[in-house]
Amino acid sequence: MAEFLTDIKSLRERARMEIDKGPVTQAYGADLPRVIQVLNEALATEIVCVLRYKRHYYTASGIHAGTVAAEFLEHAQEEQEHADMLAERIVQLGGDPDFNPDTLSTRTHTEYDASADLIDMIKEDLIAERVAIASYTEIVQWLGDGDPTTRRVFEHLLGQEEEHADDLRSLLERLPGELRK
């Protein structure tokens, strides 16, 4: 194990000299430009998820649509919170959050869906959640100890994406069998 910091004077001098770097110190152990790129890809993913869930919320119809639409709206709001967390972290790291609508579909890990059928909407949202879970799990592992703060952001997102997937699976299981065919 490495020796704990012994030269407080040097630490203070470096902090003063590199004040423009904000929270990114010499102790930062990840590839900063790549981390910002990955954060922007996740930001695009979350924005597309917000759009997909909002569309499904507004277009859900049928006798079972009320409960399902309420779940879509809740998920849309949580995905927006995820996007905000990611944008904030990008700025903290000295990057620029990329909200460019022209490139969202090329940066997102998930796909937008315009299904009209309630079951198809749930299935497509569940697929998107599973993609996010796999992607964010890989990101958490990739970050390791190089950027523990960003890793914790992704761990938080991962936990909520797993909850979303569980909610959607439960919705599918509760709907009458003839609808799920």
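What share of the contacts in the protein with a separation of 6 or more comes from residues 24 or more positions apart? Such residues account for 78% of those contacts, where contact means heavy atoms within 4.5 Å.

Before selecting anything, note that this is a predicted model, in which local features need pLDDT of at least 70 and side-chain atom pairs count only at pLDDT 80 or more, while totals for chains, interfaces and linings use all residues. Residues are numbered from 1 along each chain as its sequence is written, and side-chain values use heavy atoms, with hydrogens and water left out.

**The whole chain**

Start with a cartoon view of the protein, whose secondary structure comes to six helices and zero strands, helices and strands being DSSP runs numbered from the N terminus (helices H or I, at least four residues; strands E, at least two). Read along the sequence, the pattern is α-α-α-α-α-α. The radius of gyration, taken over C-alpha atoms, is 20 Å, well over the 16 Å that the globule rule (2.2 Å times the number of residues to the power 0.38) gives for 181 residues, so the protein is more spread out than a compact globule. With the C-alpha trace displayed and turned along its principal axes, the span is about 70 × 35 × 20 Å. If you colour by accessibility, 41% of the 181 residues count as buried, on a scale where buried means under 20% relative accessible area, exposed over 50% and partly exposed in between (1.4 Å probe, protein chains only).

**First stop: H2 against H3**

Select residues 32-59, which form helix H2, together with H3, the helix of residues 65-92. The two pack at an angle of about 160°, with their axes 8 Å apart; axes here are lines fitted to C-alpha atoms, for helices over the stretch in contact, and angles run from 0 to 180 degrees between N-to-C directions. H2 and H3 are therefore roughly antiparallel to each other, given that angles under 35 degrees count as roughly parallel, over 145 as roughly antiparallel, 65 to 115 as roughly perpendicular and the rest as oblique. H2 passes H3 in a left-handed crossing, a term used if the near helix is turned anticlockwise from the far one by less than a right angle, with right-handed used if clockwise. The residues of this contact between H2 and H3 divide into 17 nonpolar, five polar and four charged, where Ala, Val, Leu, Ile, Met, Phe, Trp, Tyr, Cys and Pro count as nonpolar, Asp, Glu, Lys and Arg as charged, and the others, Gly among them, as polar.

While H3 is selected, pick out Glu 74, which has its place in that helix and, at 36% relative accessibility, counts as partly exposed. A distance drawn from Glu 74 to Tyr 53, C-alpha to C-alpha, reads 8.8 Å, although the two are 21 residues apart in sequence.

**Second stop: H3 against H5**

Keep H3 and add H5, residues 118-143. H3 and H5 pack at an angle of about 30°, with their axes 11 Å apart, and are therefore roughly parallel to each other. To see the two faces, show the side chains of Ala 65, Val 68, Phe 72, His 75 and Glu 79 in H3, which meet Leu 118, Met 121, Ile 122, Asp 125 and Glu 129 in H5. By class, this contact of H3 with H5 has six nonpolar, one polar and three charged residues.

Within H5, select Ser 135, which counts as buried at 13% relative accessibility.

**Third stop: H5 against H6**

Now add H6, residues 148-174, whose axis comes within 8 Å of that of H5 and crosses it at roughly 155°. That makes H5 roughly antiparallel to H6, and the crossing of H5 and H6 is left-handed. The residues of this contact of H5 with H6 divide into 16 nonpolar, three polar and eight charged. In the loop between the two helices lies Gly 144, which counts as partly exposed at 24% relative accessibility.

**Last stop: His 164**

Is His 164, in helix H6, buried or exposed? His 164 is buried, with a relative accessible area of 1%. Not counting residues up to four places away in sequence, His 164 touches Tyr 53, His 75, Glu 78, Glu 79, His 82 and Glu 129. For a longer view, His 164 and Arg 16 are 148 residues apart in sequence and 44 Å apart in space, C-alpha to C-alpha.
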